[in-house]
Amino acid sequence: MQTQKMGSLYKLYCWGWKNGVLECFPVSQHWLLSIFLYYRRGFAEGSEWRRRQMEGSRWRQNQMEY
């Protein structure tokens, strides 16, 4: 997502990204925030970033075993 001045919308995106990466919000809070498109977009991109990081660390572990 391109960074642009969006005020509170950007804050929703950041909360979503943070929760996507760390899974730090309670389920009820995540559910309430997910009504906002920018939160959902941040959550999806944060989750995707976490998935790629985990795949990379697994790949490095496999390389060390050989």
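This is a short talk on one chain, its confidence values, its helix α1 and a few single residues.

The model is a predicted one. Across the chain the mean pLDDT is 85, and 79% of the residues reach 70 or more. By element, helix α1, residues 8-22, has the highest mean pLDDT, at 93, and α3 has the lowest, at 85.

Let me start with α1. Does its length fit its residue count, or not? The helix has 15 residues, and at 1.5 Å a residue those should span 21 Å. The end C-alpha atoms of α1 are 21 Å apart, so the two values agree. Several residues of α1 are buried: L12, Y13, G16, N19, G20 and V21. Just after the helix comes E23, which takes a positive phi of about 50°.

Now two cysteines. Is C14 buried or partly exposed? Its relative accessibility is 29%, so C14 counts as partly exposed. C24 has a relative accessible area of 37%, so C24 is partly exposed as well. As for disulfides, the count is zero, with a cut-off of 2.5 Å between cysteine sulfur atoms.

The last residue is S34. Where is it found? S34 is in the loop between α2, residues 27-33, and α3, residues 37-65. Buried means under 20% relative accessible area. S34 is at 19%, so it counts as buried. And which residues does S34 touch, once its neighbours within four places in sequence are left aside? They are Y39 and R40.

That is the end of the talk.

Terms used
Residues are numbered from 1 along each chain as its sequence is written. This is a predicted model: local features need pLDDT of at least 70, side-chain atom pairs count only at pLDDT 80 or more; totals for chains, interfaces and linings use all residues. Side-chain values use heavy atoms; hydrogens and water are left out. Buried means under 20% relative accessible area, exposed over 50%, partly exposed in between (1.4 Å probe, protein chains only). Helices (H or I, at least four residues) and strands (E, at least two) are DSSP runs, numbered from the N terminus. Contact means heavy atoms within 4.5 Å. pLDDT is the predictor's confidence in each residue, from 0 to 100. The expected span of a helix is 1.5 Å times one less than its number of residues.
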